[in-house]
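User: I should like a close look at a single part of this structure, set in the context of the whole chain. Please give one connected account.

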Amino acid sequence: MKFQIRQREPELMDQPGLSEEEHCRALAGLRRINWWSRSDAIVWPAILELAGNRAGKPLQILDIASGGGDIALSIAARAERAGIPVEVDGCDISPFAVRYATQQAAQRGLKQVRFFECDVLSESLDKQYDVVMCSLFLHHLDEEPAQQLLEIMARSTRELILVNDLRRSRLGYSLAWSACRILTRSPVVHTDGPLSVAGAFTEAEVTALAEQAGLTGFQITPHWPQRWLLKWSRI
């Protein structure tokens, strides 16, 4: 497989005919992968730094395309352990994912987290947040809607944007292929994991998207395993 250009193919998770049983198995598998790859640890330092500059006022956070709620719930749990007041919202286009994430929040007793259904590319958000983030979602989009998402995130944040995603590379593809088979038995994840890497953006490509979206002064940093983080502050 060549990795010089994006090779986007429809992913099973995005298909409307996916059964709830398979969807549930896939979300559970992704939760294990997010735990193994420490996805929450990629965005947490920036959130912690921002929280340190506030005088006890709850930090309002939105996680776009929150899926099974893994990242939103992990951030809320980290904040609770650190004694940092937060209000975390997660939105997703999938009603099933929203129900699943809401159940996960209830099971973990994280009352400061709520999930709601929303397609941010076609529906308006009803409020602004201190932090607007998305994890492992940008690669699902073509270039034009990806740029649109960055613009929407900029309009929806009072202070900070965080975008965490995969890096398209041969190593990243190999890691995704192996990890998806070791950590879950979900055939959906087995298929979609490598496809996600093949369709992901490189740092150079996301740099161009951010510039076109008007995000001046952004930073892009590499992270394990074969990830990058785009950080943009309004201040």
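User: What covers the buried residues of helix H7?

Analyst: This is a predicted model, and the cover of H7 is best described element by element. The buried residues of H7 are covered by elements that include helix H1 (20-37), strand S5 (157-166) and helix H6 (170-183).

H7 itself runs over residues 187-198 and has 12 residues. From its first C-alpha to its last it reaches 18 Å, close to the 16 Å expected at 1.5 Å a residue. Of its 12 residues, 10 are buried, so the helix is largely enclosed by the rest of the structure. The buried set comprises Val188, Val189 and His190, then Asp192, Gly193 and Pro194, and finally Leu195, Ser196, Val197 and Ala198. An α-helix has 3.6 residues a turn, so residues three or four places apart point the same way.

Helix H4 (residues 95-108) offers a second case to set beside H7. Its 14 residues should span 20 Å at 1.5 Å a residue, and because its end C-alpha atoms are 20 Å apart, the two values agree. In H4 the buried residues are Phe96, Ala97, Val98, Tyr100, Ala101, Gln104 and Ala105. They pack against H1, helix H3 (70-82), strand S2 (86-92) and strand S3 (113-117). H1 thus appears both in the cover of H7 and among the elements packed against H4. Just after H4, Gly109 takes a positive phi of about 70°.

A single buried acidic residue may be added. Asp40 belongs to helix H2 (residues 39-51), and it counts as buried because its relative accessibility is 14%, below the 20% cut-off. Leaving aside neighbours within four places in sequence, Asp40 is in contact with Ile71, Ser74, Ile75 and Arg78.

The setting for these elements is a protein chain with 8 helices and 7 strands. For 235 residues a compact globule would have a radius of gyration near 18 Å, and the 17 Å of the chain therefore agrees with that expectation. The C-alpha trace spans about 50 × 40 × 30 Å along its principal axes. Of the 235 residues, 54% count as buried. Among contacts with a separation of 6 or more, 81% join residues 24 or more positions apart.

As to the surface, the accessible area of the chain comes to about 11200 Å², and 53% of it belongs to carbon and sulfur atoms. The chain carries 26 positive and 29 negative side chains, with the centres of the two sets 6 Å apart.

Methods: Residues are numbered from 1 along each chain as its sequence is written. This is a predicted model: local features need pLDDT of at least 70, side-chain atom pairs count only at pLDDT 80 or more; totals for chains, interfaces and linings use all residues. Side-chain values use heavy atoms; hydrogens and water are left out. Helices (H or I, at least four residues) and strands (E, at least two) are DSSP runs, numbered from the N terminus. The expected span of a helix is 1.5 Å times one less than its number of residues. Buried means under 20% relative accessible area, exposed over 50%, partly exposed in between (1.4 Å probe, protein chains only). Contact means heavy atoms within 4.5 Å. The radius of gyration is taken over C-alpha atoms; the globule rule is 2.2 Å times the number of residues to the power 0.38. Accessible areas come from the Shrake-Rupley method with a 1.4 Å probe; for residues, only the protein chains shown count as cover. Lys and Arg count as positive and Asp and Glu as negative; His and the chain ends are not counted. The place of a charge is taken as NZ of Lys, CZ of Arg, CG of Asp or CD of Glu.
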